[in-house]
Amino acid sequence: KERSVLRKKYGLENKIAILYLGSIIDYFGIHLIPKAANILTKKYKNIKFIIIGLVRDQHYWERIQKEIKEYKLQDCVVKVDPQKISDIPKLISMCDVGLVTHMKGSAICEVAIPTKLFEYLSSGLAVAAIDMNHITQFVLPTNAGIKFDKSTSESLASALDKILKDPVLIAKMGKNARKSTEEKFNWDIEMEKVLDAYKKLG
């Protein structure tokens, strides 16, 4: 019920909501979204991109906002600012697809496993992630989402196109995502592994 209320509030009824969650800074690749959205909205009228995150680089964000306006996507790419941190899990859960747009070649992104990835998975979102093994290892084996090969808007749009044409597949991937965190990728299970290791040492 709460999900339905939020989807109505943010104009997501009968739409596929595609979420970017995280800091707004260049190496996280948010700038891929406007052009990808421009490509996809020509084919799909039922999609909306939601951006939730702290602006770390104001000039970068202003550049993205300018591009959104140039493409006339103000109704299709929307930044949502939670009133409090505790609202974020609810806002994630109102969406359908989560983006990991980390830039290839970035020293940080080439090694860091983003927290957002596990927030998407645990909230039952299908994931569209850049093709970096340390990220896709949590997505592809469990069929919880898709990858895109290059850090370009075109590559992102092409990957999203594959699942946007099949909402049933998005829902199935979302269920797989949630199941993966319940059965595999969670701290309780990781702690059991650590304890087992210690027992074997003893």
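This report describes the core, strands, helix 5, aromatic pairs and backbone exceptions of a predicted model.

**Core and strands**

The largest nonpolar core contains 64 residues. I18, L19, F49, V97, L160 and L164 have the most contacts inside this core. Two of these residues, I18 and L19, belong to strand 1, where I18 points one way and L19 the other.

Strand 1 (16-21) is mostly covered, with six of its six residues buried. I16, I18 and Y20 point to one side of the strand, while A17, L19 and L21 point to the other. In general, the side chains of a regular strand alternate between the two faces of the sheet. Apart from neighbours within four places in sequence, L19 has contacts with I50, I52, I92, C95, V97, G98, L99, Y120 and L125.

Strand 1 pairs with strand 2 (residues 47-52) in the parallel sense, over six bridges. Within strand 2, I52 stands opposite L21. Strand 1 also pairs with strand 4, again in the parallel sense, here over three bridges. In strand 4, V97 is the residue opposite I18.

Strand 4 is covered on both faces: V97 and L99 are buried on one side, and G98 and V100 are buried on the other. Strand 4 runs parallel to strand 5, and four bridges join them. The bridge partner of V97 in strand 5 is A126. V97 therefore stands opposite I18 of strand 1 and bridges to A126 of strand 5.**Helix 5**

Within helix 5, residues K116, L117, Y120 and L121 are buried. Viewed down the helix axis, the buried residues fall within an arc of 135°, so they line one face of helix 5. In an α-helix with 3.6 residues a turn, residues three or four places apart point the same way. The elements against which the buried residues of helix 5 pack are strand 1, helix 4 (88-93), strand 4 (97-100), strand 5 (126-130), helix 6 and helix 8 (167-183). One of the buried residues, Y120, is also among the contacts of L19. After helix 5 comes G124, which has a positive phi near 80°.

The charged end of K116 sits over the ring of F28, at 4.7 Å from the ring centre.

**Aromatic pairs**

The structure holds two aromatic pairs. Their geometry is as follows.

| Pair | Centre to centre | Angle between planes | Class |
|---|---|---|---|
| Y27 and F28 | 4.9 Å | 85° | edge-to-face |
| F118 and F138 | 5.0 Å | 70° | edge-to-face |

The pair of F118 and F138 links distant parts of the chain, with the two residues 20 apart. F118 is in helix 5 (residues 115-122), and F138 is in the loop between helix 6 (133-136) and strand 6 (145-148).

Y27 has a relative accessibility of 27% and counts as partly exposed because the buried class requires a value under 20%. F28 is at 15% and counts as buried. In the other pair, F118 is partly exposed, with a relative accessible area of 27%, and F138 is buried, with 14%.

**Positive phi outside glycine**

In general, most residues other than glycine have a negative phi. K72 is not a glycine, yet its phi is positive at about 55°. K72 lies in the loop between helix 3 and strand 3 (77-79), and its relative accessibility of 72% makes K72 exposed. N143 also has a positive phi, near 55°, and is a residue other than glycine. N143 is in the loop between helix 6 and strand 6. With a relative accessible area of 32%, N143 is partly exposed.

**Surroundings of E67**

E67 is found in helix 3 (residues 58-70). Not counting residues up to four places away in sequence, E67 touches H31, P34 and K35. E67 and K9 are 58 residues apart in sequence, and their C-alpha atoms are 25 Å apart in space.

How values were computed. Residues numbered from 1 in each chain as written. Heavy atoms only, no water. Core = buried A, V, L, I, M, F, W, Y, C linked by side-chain atoms within 4.5 Å. Buried < 20%, exposed > 50% of the residue type's maximum accessible area, 1.4 Å probe, protein only. Contact = heavy atoms within 4.5 Å. Phe/Tyr/Trp six-rings, centres within 6.5 Å; stacked < 30°, edge-to-face > 60°. Lys NZ or Arg CZ within 6 Å of the ring centre and 35° of its normal. Arc of directions from axis to C-beta. Pairing = 2+ DSSP bridges.
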